[in-house]
Amino acid sequence: MTTSLPPIPMSSPDLTEAEREAVLAVLHTPNLSMGQEILEFEKAICAYTGAKHALGVNSGTAGLHLCVHAAGIQDGDWVLTTPFSFVASTNVILFERATPIFVDVDPRTGNINTQALQEAVRDLCAGGASARRWLPRAGVKGDAPRLKALLPVDVFGQPADLDPIRAVAQEFHLKVIEDSCEAIGATYKGAPAGRLGDYGVFAFYPNKQMTVGEGGVIVTDDDEAAAIMRALRNQGRAPGDTWLQHTHLGYNYRLDEMSAALGKVQVARLDEMLDKREQVARWYEARLSEIPGVETPSILPDTTRMSWFVYVVRFAPEIDREWVSKELKKRGVPNRPYFIPIHLQPYVANQFGYREGDFPVTEDLGRRGLALPFSGVMPEGDVERVCAAIRDILRA
Ligand SMILES: *Cc1c(COP(=O)(O)O)cnc(C)c1O
């Protein structure tokens with residue numbers, strides 16, 4: 001039974017005339033990079049998050065990479081992180097030839113399991129045999145404990161349990177990089193996501209809660225780190241360097257003026273856009289929670305505000321997700337498995353010797369999770385269509 005209705009988009013940016021005008025206005029000036037727009041965009045992010053410094057960058061990945069630098073992570077260092085994430089959170093560790101050490105996740109949220117994380121930190125810092133059970137089978141350089149930082153991810157717009165993470169980081173003098181690329185606007189015990197570690201990063205790809213096209217932003221209260229990252233973003237130019245003098249080996253991670261102008265309007269509309277996403281999530285919840293075999297997202301009490309990024313459901317183990325996925329596509333409903341575990345991505349598994357079974361909760365969520373079409377501009381009729389299709393498929 002294929003319908004002739006138009007396909008439902010997987011995600012859509014929420015744009016208005018104001019965004020279009022802001023971008024066009026930049027094109028009437030000669031300043032397309034490093035002008036007024038990025039400064040104003042960064043100021044708006046500081047105001048929204050309460051951060052002392054905000055640095056616009058040309059992707060969330062670039063932002064995380066600069067944080068890895070700022071944390072002083074080098075060749076062979078260890079960084080504790082989650083295998084249940086988008087690959088970029090681990091890639092930025094690999095960029096610096098450091099070793100990602102994974103800790104399995106909380107089955108309720110998909111966020112890193114903080115009890116296991118605390119245990120892992122103690123063991124890894126102790127070194128020797130106790131450390132070994134957390135280390136990957138291959139790819140570890142040397143025996144000495146080299147844990148430098150923790151990199152939790154706020155998965156699907158729900159903040160990780162950052163209080164215990166921060167506590168153990170403090171005890172062992174570790175930096176915390178919060179990957180909030182999926183969580184701008186969320187709050188944890190009332191505090192904004194992205195502000196719970198030493199550095200936080202938000203990403204603005206078109207499927208995120210707000211977009212600039214391609215871009216991201218780093219937030220931090222650390223003056224020294226902000227200065228280093230500002231230089232590295234701009235080809236390693238330190239303050240006082242001229243255009244062709246470079247103090248450090250840097251990158252071109254600059255955010256252009258058109259994107260910054262777009263971002264400024266999106267930040268001003270962020271709360272309104274998050275409310276719309278919340279409404280769409282409620283429409284889904286009301287319908288899907290009635291269907292046996294479908295598990296809707298669970299939001300913990302510490303998540304004082306959820307920032308809905310994607311809408312991921314889990315099917316009961318006896319339901320064949322691949323079959324449901326295919327049947328949904330036949331009915332014009334796109335969908336994606338979310339996530340394929342990072343430790344099982346071929347290049348990660350090869351380098352570090354990870355195997356299926358190493359992180360069972362992550363693998364279970366990866367097998368049962370399916371992201372449904374979702375955005376703040378999704379009409380209730382489309383939500384109904386998706387849910388009716390699921391009902392119909394599961395009845396078969
Ligand atoms: C989107 C995302 C990123 C990277 O953002 P880009 O802007 O695409 O580079 C990093 N981490 C997580 C968890 C993400 O979802």
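**Close-up views of a predicted model**

**View 1. The four-stranded open sheet and the helices across it.** In this predicted model, an open sheet of four strands follows the order E10-E12-E14-E13 with antiparallel pairing, where two strands pair if DSSP finds at least two bridges between them, and where helices (H or I, at least four residues) and strands (E, at least two) are DSSP runs numbered from the N terminus. Strand E10 (294–295) and strand E13 (336–337) stand at the edges, each with a single partner strand, so one side of each is left without a neighbour in the sheet. E13 is joined by two bridges to strand E14 (residues 369–372), and these strands run antiparallel; Pro-337 has Leu-370 as its bridge partner in E14. Helix H11 (residues 321–330) lies across strand E12 (311–315), E13 and E14, and runs at about 15 degrees to E14, whereas helix H13 (residues 360–368) lies across E10, E12 and E14, at about 45 degrees to E14. Contact here means heavy atoms within 4.5 Å; axes are lines fitted to C-alpha atoms, for helices over the stretch in contact, with angles from 0 to 180 degrees between N-to-C directions. Residues are numbered from 1 along each chain as its sequence is written, and side-chain values use heavy atoms, with hydrogens and water left out. Because the model is predicted, local features need pLDDT of at least 70 and side-chain atom pairs count only at pLDDT 80 or more, while totals for chains, interfaces and linings use all residues.

**View 2. The seven-stranded open sheet with mixed pairing.** The strand order in this open sheet of seven strands is E1-E9-E8-E5-E4-E2-E3. Strand E1 (53–57) and strand E3 (99–102) are the edge strands, each pairing on one side only, and the twist averages 25 degrees from one strand to the next. Strand E8 (residues 199–203) and strand E9 (residues 216–220) run antiparallel and are joined by five bridges, with Val-201 standing opposite Ile-218 in E9. Helix H4 (residues 88–95) lies across strand E2 (78–81), E3, strand E4 (147–151) and strand E5 (175–179), running at about 145 degrees to E3. H7 lies across E4 and E5, at about 155 degrees to E5.

**View 3. A salt bridge within helix H7.** The side chains of Arg-166 and Asp-163 meet in a salt bridge at 2.8 Å, N to O, the term being used for a side-chain nitrogen of Lys or Arg within 4 Å of a carboxyl oxygen of Asp or Glu. Both residues lie in helix H7 (residues 162–171), three residues apart, which is about one turn of the helix. Arg-166 counts as partly exposed at 33% relative accessibility, and Asp-163 is partly exposed with a relative accessible area of 29%; buried means under 20% relative accessible area, exposed over 50%, and partly exposed in between (1.4 Å probe, protein chains only).

**View 4. Two salt bridges that involve helix H10.** Arg-305 forms a salt bridge with Asp-275, the closest N and O atoms being 3.4 Å apart. This pair links distant parts of the chain, with Arg-305 in strand E11 (residues 303–305) and Asp-275 in helix H10 (residues 270–288), 30 residues apart. Arg-305 is partly exposed at 23% relative accessibility, and Asp-275 is also partly exposed, with a relative accessible area of 47%. Glu-380 forms a salt bridge with Arg-287, where the closest N and O atoms are 3.0 Å apart. Glu-380 lies in helix H14 (residues 380–395) and Arg-287 in helix H10, so the pair ties together parts that are 93 residues apart in sequence. Glu-380 is partly exposed, with a relative accessible area of 35%, whereas Arg-287 is buried at 17%.

**View 5. A network of salt bridges.** Asp-14, Glu-19, Arg-269, Glu-272 and Lys-276 are linked in this network. A search of the whole structure finds 36 salt bridges.

**View 6. The whole chain as context for the close-ups.** The protein chain contains 14 helices and 14 strands, and its C-alpha trace spans about 65 × 65 × 35 Å along the principal axes. Of its 396 residues, 56% count as buried. Among contacts between residues at least 6 apart in sequence, 71% join residues at least 24 apart.
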